[in-house]
Amino acid sequence: MAGQTSKDDSASRIRATALRHALDIQEKKKLQTRITDLVIEAFDLPSSPDADPARPRPSDVALFKECLGLFQASDLDDLIYERNVDNRCGYALCPKPNQKLAHDAKKVWNGKGGKDFALVDKAELERWCSKACRDRTTFVRAQLGTEPAWLRDVKQVDIKLLEEFSPDSLSESFQVSILPTTSCDIHPFENGVPCPSCIRY
């Protein structure tokens, strides 16, 4: 009798483990499908052809942040790629076309001289309509989860847009150090906001 009870307990544990794995797989597939749907929804942003990415509509911001809460960097790259194929800026809240540089070379001059001179990837520049939208995307990318959505608590994610940036709120949310505190020799403050490269996570 004791042997039969032991076998029954073992079978119950196996069934419970199998059920748990099945539920985990189901949840993973559900989130993967939702992420794909969000890429499609964000592809259509912004909701107005004359939208200003510096002052986006609250409804557009809400949808974009929902996307970012589930996205990893690869998902954001998928969204940028799809928008570029449609000849649009990679930043989801911008309605403008992405840049099309006339140069045939893979590397182009960054337009700066002296110590700031650099050759940059043409393909990277052509993902955006401007440096401003590239910086906006860099800023949100730095906040994306590194683990898949099904392995983290996405309800706790609070993505900030660059226009929402303030040292106090960002430090409180992400426990970051802002460097430097006054100005940056390479990337000076613009309108009181440092460029994303000046933020250390």
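**Exercise 1. Which ring does the charged end of Arg 88 sit over?**

Solution. Keep in mind as you work that this is a predicted model. Start at Arg 88 and follow its side chain to the charged end. There you meet the ring of Phe 43, whose centre is 4.4 Å away. A charge counts as sitting over a ring when the distance is within 6 Å and the direction is within 35 degrees of the ring normal. Arg 88 and Phe 43 make such a pair.

**Exercise 2. Get your bearings: work out how many helices and strands the chain has, and in what pattern they come.**

Solution. Step one is the count: there are six helices and four strands. Step two is the order, which reads α-α-α-β-β-α-α-α-β-β along the sequence. Step three is a look at the chain overall. Of its 201 residues, 32% are buried. About 12600 Å² is exposed, and carbon and sulfur atoms supply 53% of that area. Now take the contacts between residues at least 6 apart in sequence: 61% of them join residues at least 24 apart.

**Exercise 3. Find the aromatic pairs and classify their geometry.**

Solution. A pair of aromatic rings is described by the distance of the centres and the angle of the planes. Searching the chain gives one aromatic pair. Its members are Phe 64 and Tyr 91, with ring centres 5.7 Å apart and planes at 90°, so the pair is edge-to-face. Next, place the two rings: Phe 64 belongs to helix 2 (residues 58–70), while Tyr 91 lies in the loop between helix 3 and strand 1 (107–109). The partners are 27 residues apart, so the pair links distant parts of the chain. Finally, check accessibility. Phe 64 is buried at 2%, and Tyr 91 is buried at 1%.

**Exercise 4. Explain why Cys 133 has no disulfide.**

Solution. Look for the closest cysteine sulfur first; it belongs to Cys 129 and is 3.7 Å from the sulfur of Cys 133. A disulfide needs the two sulfurs within 2.5 Å, so this pair is too far apart for a bond. Widen the search to the whole structure and you get zero disulfides. As for surroundings, Cys 133 is buried, with a relative accessible area of 1%. Another cysteine, Cys 67, is buried too, at 0%.

**Exercise 5. Compare the span of helix 3 with the expected value, then list its buried residues.**

Solution. Helix 3 covers residues 73–85, which is 13 residues. From first C-alpha to last it reaches 18 Å, close to the 18 Å expected at 1.5 Å a residue. Its buried residues are Asp 75, Leu 76, Leu 79, Ile 80, Arg 83 and Asn 84. After the helix comes Asn 87, which has a positive phi, near 60°.

**Exercise 6. Decide whether Glu 126 and Gln 32 are buried or partly exposed.**

Solution. Take Glu 126 first. Its relative accessibility is 17%, and the cut-off for buried is under 20%, so Glu 126 counts as buried. You'll find Glu 126 in the loop between helix 4 (122–125) and helix 5 (131–141). Leaving out residues up to four places away in sequence, Glu 126 touches Asn 84, Asn 98, Gln 99, Lys 100 and Leu 101.

Now Gln 32, which is in helix 1 (residues 2–43). At 36% relative accessibility, Gln 32 counts as partly exposed. One more thing to locate is Leu 70: it is 38 residues from Gln 32 along the chain, with 9.3 Å between their C-alpha atoms.

Key: Residues are numbered from 1 along each chain as its sequence is written. This is a predicted model: local features need pLDDT of at least 70, side-chain atom pairs count only at pLDDT 80 or more; totals for chains, interfaces and linings use all residues. Side-chain values use heavy atoms; hydrogens and water are left out. Buried means under 20% relative accessible area, exposed over 50%, partly exposed in between (1.4 Å probe, protein chains only). Helices (H or I, at least four residues) and strands (E, at least two) are DSSP runs, numbered from the N terminus. Contact means heavy atoms within 4.5 Å. The expected span of a helix is 1.5 Å times one less than its number of residues. Accessible areas come from the Shrake-Rupley method with a 1.4 Å probe; for residues, only the protein chains shown count as cover. Rings of Phe, Tyr and Trp (its six-membered ring) pair if their centres lie within 6.5 Å; planes under 30 degrees apart count as stacked, over 60 as edge-to-face and the rest as tilted.
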